[in-house]
Amino acid sequence: MTATIDVATELEAIRQVKARYCRFLDTKDGDGWRTVFAPDVVMEVDLAVSTGGADPMTSPPYVGVNSVVPDVLATLAEVTTIHHCHTSEIALTSETTATGIWAMEDRLYFPGDRQLHGAGHYHETYEKVDGTWRIKTLHLTRTLMEFLGPWAE
Amino acid sequence: MTATIDVATELEAIRQVKARYCRFLDTKDGDGWRTVFAPDVVMEVDLAVSTGGADPMTSPPYVGVNSVVPDVLATLAEVTTIHHCHTSEIALTSETTATGIWAMEDRLYFPGDRQLHGAGHYHETYEKVDGTWRIKTLHLTRTLMEFLGPWAE
Amino acid sequence: MTATIDVATELEAIRQVKARYCRFLDTKDGDGWRTVFAPDVVMEVDLAVSTGGADPMTSPPYVGVNSVVPDVLATLAEVTTIHHCHTSEIALTSETTATGIWAMEDRLYFPGDRQLHGAGHYHETYEKVDGTWRIKTLHLTRTLMEFLGPWAE
């Protein structure tokens, strides 16, 4: 027997997962941040713009929530962050799987008045397990990366 | 008799209240801005980041739409503002009440090339009266506050 | 016979049109960008803030997708762009027509470290043809325009 799903309800639930991703990341709430990921999440982050075929300098993948959460938060321990997401394009691919693209902008404030300002897109997949949507894969691509302040001395 | 409500419809209506909050505030439309608030709205604004337990320097509350609208707009009379909201987390708590969290970023351009740039979260409650959702309480918390330009002379 | 439409589904489809508008514009994907416009789209862009009755310096209209797409992208050929949209106010006016307002922020990075930073609102209409929503008219109004870097020498 297949239950009827309401697409609008599922899309809203997925959007709120991404809202919590951003909120818990920027408030440095590691326990909260864990809850948005599938146990076997794979995260890749481009460190450079790839427009025109340039090398996006994709990071080695972070694999598994037990690596993603402590490893990413450790790199940001001394950094005030803003991660804002915009205009989602989410589509269900089954009753328990979905894909999504989000426009994003981030500002990372490092010690010494150094700031990293970027824009780009999160390309993601989601999985619903035990009634809860979680991020299964995440790849952040870049349309802008600029280094502000005294990075080069 | 209880009418069946459509959750997606209610959430969309609440999201659009916040859209008008931002639009009327930034276009300095006081008559429009009044319509988004409950008569007895309570608004509190943190003036500092509270990460790590620091004092958030919460403002004294603005109480009532007849205070909030003229008082806030008076403080911004000479200020060009941007208030942008992102990735809402809204939940109905009954057919006529709801809670919400919004990520936000603001830039306030004061005379003399002084700019206040902030990020944080609106923590809100909503109430539906006579078929219209309105903001009942609002507390703005901060993850970033930076003062740009010649603030200190 | 009139099919029942689901408003939440239609609004989501329209929101995703605007998401693709922003994504294809910022990734300079002309083929993709074409798909978001009605053939006879009319686009007008204010070049100045109109608060307080000032002249908004509205551009001559771009008319028709065959002009909008190549003409706008040509002006941006050497420009890295961010166009981010927030907090939509979309309303169906019939089963196949709709209106919308979006808050927006843009940053245009021109050669020579010159940057144009703006905020404002897209005022739009949409039309559904052959099952697909498209942007029919677009007027960008401005609450902020600032020129950063060595514009005046």
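This is a short talk on how strands pair in chain A of a predicted model and how chain A meets chains B and C.

I'll start inside chain A, with three strands that follow one another in the sequence. Strand S4 covers residues 97–110 and strand S5 covers residues 114–129. The two run antiparallel, and 14 bridges join them. To find a place on this pair, look for Trp102(A), which stands opposite Tyr122(A) in S5(A). S4(A) and S5(A) make a hairpin, with 3 residues between the strands. In that turn, Gly112(A) has a positive phi of about 85°.

Now follow S5(A) onward. Its next partner is strand S6 of chain A, residues 132–148. This pairing is antiparallel too, over 15 bridges. As a marker here, take Gly120(A), whose bridge partner in S6(A) is Arg142(A). S5(A) and S6(A) also form a hairpin, this one with 2 residues between the strands. Asp130(A) in that hairpin takes a positive phi near 55°. A general point to keep in mind when you look at these strands: side chains in a regular strand alternate between the two faces of the sheet.

Next, one residue that takes us from the strands to another chain. Thr143(A) lies in strand S6 of chain A. Is Thr143(A) buried or exposed? Its relative accessibility is 10%, and the cut-off for buried is under 20%, so Thr143(A) counts as buried. What is Thr143(A) in contact with, beyond its neighbours within four places in sequence? Within chain A, the contacts are Val49(A), Ala119(A), Gly120(A) and His121(A). From chain C, they are Asp26(C), Thr27(C) and Thr80(C). Gly120(A) is the residue we met a moment ago as the bridge partner of Arg142(A).

That brings us to the interface of chain A and chain C. Chain A puts 19 residues into the contact, and chain C puts in 17. A common way to give the size of an interface is the accessible area lost when the parts come together. For chains A and C, that buried area is about 1,500 Å², with 58% of it from carbon and sulfur atoms. There are 2 salt bridges across this interface. In one salt bridge, Glu89(A) pairs with Arg23(C), and the closest N and O atoms are 2.8 Å apart. There are also 5 residue pairs in polar contact. Which elements of chain A supply at least two residues each to the side that touches chain C? They are helix H1 (7–26), strand S3 (80–92), S4, S5 and S6. By class, the residues on that side of chain A are 8 nonpolar, 6 polar and 5 charged.

Last, the interface of chain B and chain A. Here 19 residues of chain B are in contact with 17 residues of chain A. The two chains bury about 1,500 Å² between them, and 58% of that is on carbon and sulfur atoms. Thr87(B), Glu89(B) and Thr143(B) supply 32% of the area that chain B buries against chain A, more than any other three residues. The salt bridges between chain B and chain A number 2. Glu89(B) takes part in a salt bridge with Arg23(A), at 2.8 Å from N to O. The side of chain B that touches chain A has 8 nonpolar, 6 polar and 5 charged residues.

That is the end of the talk.

Definitions and conventions
Residues are numbered from 1 along each chain as its sequence is written. Chains are lettered from A and ligands numbered from 1 in the order in which they are written. This is a predicted model: local features need pLDDT of at least 70, side-chain atom pairs count only at pLDDT 80 or more; totals for chains, interfaces and linings use all residues. Side-chain values use heavy atoms; hydrogens and water are left out. Two strands pair if DSSP finds at least two bridges between them. Helices (H or I, at least four residues) and strands (E, at least two) are DSSP runs, numbered from the N terminus. Contact means heavy atoms within 4.5 Å. Buried area is the accessible area (1.4 Å probe) that two parts lose on being put together, summed over both. A salt bridge is a side-chain nitrogen of Lys or Arg within 4 Å of a carboxyl oxygen of Asp or Glu. Ala, Val, Leu, Ile, Met, Phe, Trp, Tyr, Cys and Pro count as nonpolar, Asp, Glu, Lys and Arg as charged, and the others, Gly among them, as polar. Buried means under 20% relative accessible area, exposed over 50%, partly exposed in between (1.4 Å probe, protein chains only). A polar contact is a pair of N or O atoms within 3.5 Å; within protein, one must be able to donate a hydrogen and the other to accept it, and residues adjacent in sequence count only if both atoms are side-chain atoms.
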